[in-house]
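Student: I've got a new model on screen and I'd like to walk through it with you. Can we take it one question at a time?

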Amino acid sequence: MLNLMYCSTYNITNFIMDDFFHHTCHLPLHWLAGKNVTFPVTLTLHPERPTVADQLRLVQSNWHTKDYRSKGFVVETSADGNTFDQIASGELPNEAAAFHDVALPEDPFVAIRIRFLNTHDAERSAQSCGLRRVELRHGSQLIGTDRWRGEASSQYI
């Protein structure tokens, strides 16, 4: 360890701070399930109060290793917080930040759940799933979700 009090007698040309800077600091926020997860994986969102939305947009993860790519999914809503009704299913494209729009019935819900059924990940990779973003709209208005509560059956970061 270099004693900084006597630093004026040394010519410092470089130093390494690898314990302080990580590549993840430059990545956008994601929700990622743990590695080698058992499917289905669920992500459930709870608004502060009953909410009506007519469109859900799921945005594929864009993790730097190209892992954590969700594939098949089912969307369910709940009017009471206990029972869920399936309203849609589909597949996310296997491209970073690609999206899939889902039409929602215009019925109030107190929870919306996405069940991920499988992954685009290659056999020798994370074998997991994730999302870059979830957006809800009613008409042309984006619904703010910053005060919503979320829970996932698996979480990596």
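Student: Let's start with one side chain: is F109 buried or exposed?

Tutor: Keep in mind that this is a predicted model. The relative accessibility of F109 comes to 2%. The cut-off for buried is under 20%, so F109 counts as buried.

Student: Which residue does F109 form an edge-to-face aromatic pair with?

Tutor: Here we need two numbers, because a pair of aromatic rings is described by the distance of the centres and the angle of the planes. For this pair the centres are 6.4 Å apart and the planes make 70°. Edge-to-face asks for over 60 degrees, and the partner of F109 is W148.

Student: And how many residues apart in sequence are the parts that this pair ties together?

Tutor: Look at where the two rings sit: F109 is in the loop between β6 (99–103) and β7, while W148 is in the loop between β9 (141–142) and β10. W148 is buried too, with a relative accessible area of 16%. The pair therefore ties together parts whose separation in sequence is 39 residues.

Student: Which residues make up the aromatic cluster?

Tutor: Begin with W63 and Y68, an edge-to-face pair at 5.9 Å centre to centre with 85° between the planes. Both W63 and Y68 are buried. Add one more ring and you have the cluster: W63, Y68 and Y156.

Student: Now the open sheet: which strands stand at its edges?

Tutor: Its 5 strands come in the order β5-β4-β7-β2-β10, with antiparallel pairing. An edge strand has a single partner, so one of its sides is left without a neighbour in the sheet. That description fits β5 (85–91) and β10 (149–152).

Student: What is the bridge partner of V74 in β7?

Tutor: Strand β4 covers residues 72–78 and β7 covers residues 111–116. They run antiparallel and are joined by 6 bridges. In β7, V74 has as its bridge partner R115.

Student: Last one, on the largest pocket: which element gives the largest share of its lining?

Tutor: The largest pocket has a volume of about 410 Å³ and a lining of 17 residues, with W31, L45, R132, R133 and V134 nearest its centre. By class the lining splits into 9 nonpolar, 4 polar and 4 charged residues. The elements giving two or more residues are β2 (41–46), β8 (130–138) and β10. The largest share, 5 residues, comes from β8.

Key: Residues numbered from 1 in each chain as written. Predicted model: local features only at pLDDT ≥ 70, side-chain atom pairs only at ≥ 80, totals over all residues. Heavy atoms only, no water. Pairing = 2+ DSSP bridges. Helix = DSSP H or I, 4+ residues; strand = E, 2+ residues; numbered from the N terminus. 1 Å grid on protein atoms, 1.4 Å probe; cavity = no way out; pocket = protein on both sides within 12 Å on 5 of 7 lines; lining within 4 Å. Points joined across faces, edges and corners; volume = space filled by probe spheres on them. Nonpolar A, V, L, I, M, F, W, Y, C, P; charged D, E, K, R; others polar. Phe/Tyr/Trp six-rings, centres within 6.5 Å; stacked < 30°, edge-to-face > 60°. Buried < 20%, exposed > 50% of the residue type's maximum accessible area, 1.4 Å probe, protein only.
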